[in-house]
Amino acid sequence: MEKPVKKGDFVTKKEAGISVTHSHAVTHGHAITHGYARCSTNEDRQDIDRQTRELKKHGAEKVWLEYEHGDAASKEQQALMLETARPGDTIVTLEVSRLARSTKQLCEIIDIIREKRLRLVIVGSITLDCRNGNPDPMTEAFLQIAGVFSQLELSMIRSRVRSGVENARAKGKRLGRPPVCAERVPEQFLRYYPRYQSGSINISELARLAQVSRPTAYRYLKALT
């Protein structure tokens, strides 16, 4: 039976996005295995915890958590991970789509892996090893093809969503979330709201403490003003 991921097993490192690292000290001078987990929003704890458990099973000593869309122009925690990684280190993720939903972004990541002489492991799928120089061309090609399919999948999902929205509008259905009023703002958000008003914390810290996404935090703030 799997042990649940406990908050005490990790240490928060950044205020925006959320980067966590394993609490056990990593000895300097040896190659480190970095795990990268990503979800589109921080409201889906179950999936990010599942990714974390799987990454730890595959040897991740540091786990970086990202709450961002796959094709976002900037992924703060991913950039920090790639900057932190040293020659000989390994980066592990569960799917290509966790790294990027854009072929262009994936190619940029591959360039960094090559330049920094890292190893990239897509669990159960592809391993791109650049620790001793240039990777196997066929392996790199397969990784790029996987990126193409990941981008195609996202495009198809968005196309279906747009079609569903247009169909609902045609039927006169109301779309979107119901408007948020002050009475519906949760107690946990209200607990930290005075600290935001006083300027002691910013919007990212407020969202993190209240355990909501930044867009949700903005909706709550709008309802309270």
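This report walks through a predicted model of one protein chain, from its overall make-up to a few helices, residues and charged pairs.

**The big picture**

Let's start with the whole chain. Its secondary structure adds up to eight helices and seven strands. The chain has 225 residues, and 40% of them are buried. If you look at contacts with a sequence separation of 6 or more, 62% come from residues 24 or more positions apart. As for the outside, the accessible surface is about 13300 Å², and carbon and sulfur atoms account for 51% of that.

**Helices α7 and α8**

Two packed helices are described by the angle between their axes and the distance between the axes. Here, the axes of α7 and α8 come within 9 Å and cross at roughly 100°. An angle of 65 to 115 degrees counts as roughly perpendicular, and α7 and α8 are therefore placed in that class. On the α7 side, the contact is made by I203, S204, L206 and A207, while α8 brings in R214, A217, Y218 and L221.

How much of α7 is buried? Six of its eight residues are, so this helix is largely enclosed by the rest of the structure. The buried ones are I203, S204, E205, L206, A207 and A210. Among the elements that cover them are α6 (187-197) and α8.

Between α7 (203-210) and α8 (214-224) there is a loop, and Q211 sits in it. The phi angle of Q211 is near 60°, a positive value in a residue other than glycine. Q211 is also exposed, with a relative accessible area of 58%.

R117 is another residue to look at for its backbone. Its phi is near 55°, again positive in a residue other than glycine. You'll find R117 in the loop between α4 (103-115) and β6 (119-122). At 40% relative accessibility, R117 counts as partly exposed.

**Two buried residues**

L99 belongs to helix α3, which covers residues 96-99. With a relative accessible area of 2%, L99 is buried. Leaving out residues up to four places away in sequence, L99 touches Y36, K75, Q78, T93, I109, L120 and I122. Take I122 from that list: it is 23 residues from L99 along the chain, and their C-alpha atoms are separated by 9.6 Å.

T33 is in strand β3, residues 33-39. This residue counts as buried too, at 15% relative accessibility. Apart from neighbours within four places in sequence, T33 is in contact with G59, A60, E61, K62, T90 and V92.

**Charged pairs**

Side chains of opposite charge can pair when their charged atoms come close. This structure holds eight salt bridges, including those in the table.

| Salt bridge | N to O distance |
|---|---|
| R50 and D47 | 2.9 Å |
| E140 and R114 | 2.4 Å |
| D129 and R131 | 2.7 Å |

Take the pair of E140 and R114, with closest N and O atoms 2.4 Å apart. This salt bridge links distant parts of the chain, from E140 in helix α5 to R114 in helix α4, 26 residues apart. E140 counts as buried at 14% relative accessibility, whereas R114 is partly exposed at 23%.

R50 and D47 pair up within a helix. They are three residues apart in α1 (residues 45-57), which means about one helical turn separates them. An α-helix has 3.6 residues a turn, so residues three or four places apart point the same way. R50 is partly exposed, with a relative accessible area of 33%, while D47 is buried at 17%.

In the D129 and R131 salt bridge, D129 is partly exposed at 31% relative accessible area, and R131 is partly exposed at 34%. Elsewhere, salt bridges that share partners join D47, R50, E95 and R98 into one network.

**A nonpolar patch**

Which residues form a nonpolar patch on the surface? They are M138, F142, I145, F149, L152 and M156, with about 630 Å² of accessible area together. One of them, L152, lies in helix α5, residues 137-170. L152 is partly exposed, with a relative accessible area of 42%.

Definitions and conventions
Residues numbered from 1 in each chain as written. Predicted model: local features only at pLDDT ≥ 70, side-chain atom pairs only at ≥ 80, totals over all residues. Heavy atoms only, no water. Patch = residues over 30% accessible without salt bridge, like charges linked within 9 Å, V, L, I, M, F, W, Y side chains within 5 Å. Areas by Shrake-Rupley, 256 points an atom, 1.4 Å probe, with all protein chains shown as cover. Salt bridge = Lys/Arg side-chain N within 4 Å of Asp/Glu carboxyl O. Helix = DSSP H or I, 4+ residues; strand = E, 2+ residues; numbered from the N terminus. Buried < 20%, exposed > 50% of the residue type's maximum accessible area, 1.4 Å probe, protein only. Axes fitted to C-alpha atoms, helices over the stretch in contact; angles between N-to-C directions. Parallel < 35°, antiparallel > 145°, perpendicular 65-115°, else oblique. Contact = heavy atoms within 4.5 Å.
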